[in-house]
Structure formats: C-alpha cells, structure tokens
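Please open the model in your viewer and keep the selection panel at hand. The tour below goes from one selection to the next and says what is there.

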Amino acid sequence: MEILKCEEVKKVYGAGSNQVAALNGVDLSVSKGEFVAVVGASGSGKSTLLHILGSVDKPTSGTVIVDGTDLSKLNPTQAAIFRRRKVGLVYQFYNLIPTLTVKKNILLPLALDKRKPNKDYFEKIVTSLGISDKLEALPGQLSGGQQQRAAIARSLIYRPALFLADEPTGNLDQKNSKEIIDMLKLSNRSLEQTVLLITHDEKVALEAERIITIEDGRIIRDERRR
C-alpha cells in the first residue's frame with residue numbers, strides 16, 4: 001500500500017535572477033511499513049523535502065499525496081491539523097515543552113484533539129523507548145538521548161501515517177545515536193510504522209532498508225538494500 005507519493009515536486013525560493021531551486025522535479029513513492037533514509041550533502045534539498053512531506057511547507061509546483069490526502073489542497077489550518085494527526089515529526093532539537101512533564105509532552109497531540117490515549121499503546125511506546133520511569137520528570141531533568149526518546153514517543157502516540165525524522169541523532173553521542181536508530185527500527189517493525197529518516201551520516205543511513213540520495217534538489221539514486 002502506497003502511503004506517500006510525490007510527482008514532479010519543485011520548490012523555488014526567491015525571484016528573477018535570485019531564484020534558487022531547492023527541489024527540482026522530485027518523484028518519490030514510499031509504501032506503508034518501509035524504513036527509508038534520505039541522504040545528501042548540506043544544501044542538497046533533503047530538509048526542504050521533509051518539510052514539504054510534513055505539510056510544514058508547500059511545493060512551488062508538483063503533487064504530494066500522504067495517506068490519500070493531497071497536501072497542496074490544504075489551507076494553513078487544515079495543514080496544521082493534518083500534521084498533528086497524520087505526520088510524526090522529530091528534529092535534531094527535541095522541541096519539548098520545558099514546563100510539562102514527559103508524560104504530558106507525549107500526550108499533548110492527543111490533548112489538542114481532545115482525544116483519550118489508548119493506555120496499552122501508550123505503555124507499549126514508553127516501555128519500548130525505555131522512558132517508562134521518566135514520565136513525571138521535566139525535560140530539563142533528562143539526558144539528550146532521553147529527551148529525543150520522549151520526542152519520538154510524542155510523535156508516535158497518535159499512530160501517524162508517516163514518521164519523519166530530520167537528523168534525529170545530530171546532537172547525540174555515538175552510543176545515544178545508535179540507541180535512537182534502534183528505537184526507530186523497533187517502531188518500524190513492532191508498530192509497523194513507516195519511517196523516513198533525513199541524515200547526512202552514511203552509517204546511520206545504512207540502518208535503513210532503502211537509501212535515497214539527493215543532490216542539487218534531485219534524486220540521483222534509489223537503492224533497496226533488503
């Protein structure tokens with residue numbers, strides 16, 4: 001089942017002689033349950049692509065369909081609701097609310113929708129991520145790796161159609177980086193979560209089952225490893 005489809009996606013910044021094409025005709029299809037890494041040098045367009053896939057930004061032209069929804073047809077309010085309900089976004093910086101406990105941070109997307117959490121699913125996530133004993137702590141009381149786990153849990157709690165991670169190990173040491181990637185692999189397998197990981201680290205990319213390479217706003221390689 002196809003969960004993501006991009007056709008001729010272009011993103012241009014500026015005007016006239018100052019135009020810069022961040023994306024230049026991207027075609028991409030991702031099936032439900034895949035673990036995909038997108039790699040490329042700084043400025044290659046990979047983060048721009050992630051922002052468009054997450055409905056944070058819109059392409060200049062082309063079509064992006066996520067879980068059957070054409071993102072180009074959403075107004076800003078609809079895009080925000082779609083993002084909250086259908087797309088899990090995790091960045092290099094954890095973006096946890098410092099005055100809320102870990103548990104409240106994780107459940108925040110559901111609270112915004114006035115939805116009650118599934119207790120069994122909540123327990124499965126926090127146990128799998130190894131933070132079940134940190135739920136009443138504030139983010140500032142956690143290590144960087146623990147904060148990133150909490151951010152991942154928050155993005156998984158509403159069972160998104162697509163989980164997007166932008167350099168999630170960028171601020172972590174080697175040990176914590178490996179643990180975070182292992183957690184993403186676990187969520188991919190045990191929760192059947194579709195994961196698209198943006199990274200410049202080839203070692204991290206090799207953990208994925210499929211590696212897409214972007215250069216100058218174009219996909220130049222799409223390799224399935226298994």
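Begin by selecting α6, which gives the largest share of the lining of the largest cavity, namely four residues. What you have open is a predicted model, and α6 runs over 174–190.

Next, add the whole lining to the selection: Ile125, Ser128, Leu129, Leu156, Met183, Leu186, Ser187, Ser190 and Leu191. Besides α6, the helix α4 (119–128) also supplies at least two of these lining residues. If you colour the lining by class, six residues come up as nonpolar and three as polar, with no charged residue among them. The space that they surround amounts to about 50 Å³, and the structure holds one cavity of 30 Å³ or more.

Now clear the view and turn to the largest nonpolar core, which has 39 residues; select Ile106, Ile131, Ile152, Ile157, Phe163 and Leu184, the members that touch the most others. At least two residues of this core come from each of β3 (35–39), α3 (102–112), α4, α5 (144–156), β7 (162–166), α6, β8 (195–199) and α7 (202–205). Of the contributors, α5 gives the most, with five residues.

Stay with Leu184 for a moment and show what surrounds it: leaving aside neighbours within four places in sequence, Leu184 is in contact with Phe35, Ile152, Phe163, Ala165, Pro168, Val195 and Leu197.

As a last stop, select Val30, Val38, Ile198 and Ile212, which are among the 29 residues of another core, lying apart from the largest one.

Methods
Residues are numbered from 1 along each chain as its sequence is written. This is a predicted model: local features need pLDDT of at least 70, side-chain atom pairs count only at pLDDT 80 or more; totals for chains, interfaces and linings use all residues. Side-chain values use heavy atoms; hydrogens and water are left out. On a 1 Å grid over the protein atoms alone, a cavity is a set of points where a 1.4 Å probe fits but cannot get out, and a pocket is an open set with protein on both sides within 12 Å along at least five of seven lines; lining residues have an atom within 4 Å of a point. Grid points are joined across faces, edges and corners, and a volume is the space filled by probe spheres set on the points. Ala, Val, Leu, Ile, Met, Phe, Trp, Tyr, Cys and Pro count as nonpolar, Asp, Glu, Lys and Arg as charged, and the others, Gly among them, as polar. A nonpolar core is a set of buried Ala, Val, Leu, Ile, Met, Phe, Trp, Tyr and Cys residues joined through side-chain atoms within 4.5 Å. Buried means under 20% relative accessible area, exposed over 50%, partly exposed in between (1.4 Å probe, protein chains only). Contact means heavy atoms within 4.5 Å.
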